[in-house]
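I opened this notebook to record what I looked up in one structure. The entries run from the whole chain down to individual charged pairs.

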Amino acid sequence: MYTTLKDVTLLAQKLNFTVGAFNTHNLEMLPAMLRAAKEVGAPIIIQTSVDTARYIGFKVLVNAVKAIADEEIVDAVLHLDHAKNFDDIKQAIDSGFTSVMFDGSSLPFKENILKTRAVVEYAHAHGVSVEGELGTIGGTEEGVHVDANDKVYTKPEDALAFVKATGIDALAIAIGTNHGQFKSKTEVNIPLLKEIHARVDIPLVIHGGTGVKEEDYPELINNGIRKFNVGTELLVNWTQVAKDKFSQTEINQSLRHNIIPANEAVKEIVKHKMRLFLNTNNCVN
């Protein structure tokens with residue numbers, strides 16, 4: 001079923017798991033990701049950057065996710081990630097996306113509140129969920145770089161005020177993760193997460209999930225993380241398999257022989273992550 005971020009994260013709260021949010025960079029990845037969710041038996045969030053949505057087509061993405069979700073009988077959300085421009089958000093909502101993120105993390109606190117509120121008003125009027133962000137995630141995503149020295153951690157008292165003032169459905173928090181990190185693992189600030197979770201009662205979101213150690217997943221989930229973003233790991237593995245295949249192929253061989261193995265690599269990663277995200281050793285609170 002084609003559904004919303006609010007619906008799947010409410011279920012995750014009830015059953016104490018986190019929903020995997022996986023970045024698709026092309027249409028080829030999409031069926032493999034949704035079929036992985038079907039095999040695991042868990043809801044999935046398909047997300048794209050603004051640039052990827054433009055590349056594929058906003059409405060094309062909506063129609064593709066709807067069709068595959070219906071065929072595979074899987075609960076799927078289509079989410080626009082890290083949008084900073086209201087026009088892009090409006091286009092996603094008007095095209096049929098079920099979730100959007102307004103990233104005002106680089107703005108002054110009050111401006112972030114006011115602009116996020118405007119997005120919430122438009123999105124909620126159309127039945128669409130909204131994720132906001134407070135604090136800054138390190139690393140590089142879609143050409144935007146945040147140096148380690150410029151990272152700003154989320155303050156628990158600000159998180160509470162931000163949630164109350166904006167009416168968002170989920171909050172992305174900065175607790176030490178980095179976008180694009182795949183050659184090393186980060187030390188997430190669990191004590192800070194616990195402080196935020198104690199004050200904020202809406203679903204919390206991890207960005208830069210590729211750089212998070214898998215042994216940290218249970219503690220993150222048990223302390224309110226209900227959406228967990230994974231993008232770089234999929235991109236790196238898809239590209240590596242595709243490079244290996246294309247380097248060996250005859251130029252008149254069907255492209256599917258090179259693309260299908262790359263998609264299968266993505267599928268296996270999604271299945272592996274989703275099984276961990278179910279947090280089966282730590283069931284209902």
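The entries below take up the overall fold, then the charges, then the salt bridges.

**Entry 1: the chain as a whole.** I note at the outset that this is a predicted model. I looked up the secondary structure and found 11 helices and 11 strands in the protein chain. I then checked the radius of gyration: the chain has 18 Å, which agrees with the value near 19 Å for a compact globule of 285 residues. For the C-alpha trace I read spans of about 60 × 40 × 40 Å along the principal axes.

**Entry 2: burial, contacts and surface.** I recorded that 56% of the 285 residues count as buried. Turning to contacts with a separation of 6 or more, I found that residues 24 or more positions apart account for 72% of them. The accessible surface comes to about 12600 Å², and 52% of it belongs to carbon and sulfur atoms.

**Entry 3: charges.** I looked up the charged side chains and found 29 positive and 36 negative. The centres of the two sets lie 2 Å apart. The structure holds 14 salt bridges, and I followed up three of them.

**Entry 4: Glu 39 and Lys 267.** In this salt bridge the closest N and O atoms are 2.6 Å apart. I placed Glu 39 in helix H2 (residues 29–40) and Lys 267 in helix H11 (residues 256–277), so the pair ties together parts that are 228 residues apart in sequence. I asked whether each partner is buried or exposed. Glu 39 is partly exposed, at a relative accessible area of 43%, whereas Lys 267 counts as buried because its relative accessibility is 12%, and the cut-off for burial is under 20%.

**Entry 5: Arg 54 and Asp 88.** I found these side chains meeting in a salt bridge of 2.9 Å, N to O. Arg 54 belongs to helix H3 (residues 50–56) and Asp 88 to helix H5 (residues 86–95); the pair, 34 residues apart, links distant parts of the chain. Arg 54 counts as partly exposed at 48% relative accessibility, while Asp 88 is buried at 10%.

**Entry 6: Lys 90 and Asp 94.** This salt bridge has an N to O distance of 2.8 Å. Both residues lie in helix H5, four residues apart, and so are separated by about one helical turn. I recorded both as partly exposed, Lys 90 at 33% relative accessibility and Asp 94 at 40%.

**Entry 7: a network.** I last looked up salt bridges that share partners, and found that they join Glu 39, Lys 267, Glu 268 and Lys 271 into one network.

Technical notes. Residues are numbered from 1 along each chain as its sequence is written. This is a predicted model: local features need pLDDT of at least 70, side-chain atom pairs count only at pLDDT 80 or more; totals for chains, interfaces and linings use all residues. Side-chain values use heavy atoms; hydrogens and water are left out. Helices (H or I, at least four residues) and strands (E, at least two) are DSSP runs, numbered from the N terminus. The radius of gyration is taken over C-alpha atoms; the globule rule is 2.2 Å times the number of residues to the power 0.38. Buried means under 20% relative accessible area, exposed over 50%, partly exposed in between (1.4 Å probe, protein chains only). Contact means heavy atoms within 4.5 Å. Accessible areas come from the Shrake-Rupley method with a 1.4 Å probe; for residues, only the protein chains shown count as cover. Lys and Arg count as positive and Asp and Glu as negative; His and the chain ends are not counted. The place of a charge is taken as NZ of Lys, CZ of Arg, CG of Asp or CD of Glu. A salt bridge is a side-chain nitrogen of Lys or Arg within 4 Å of a carboxyl oxygen of Asp or Glu.
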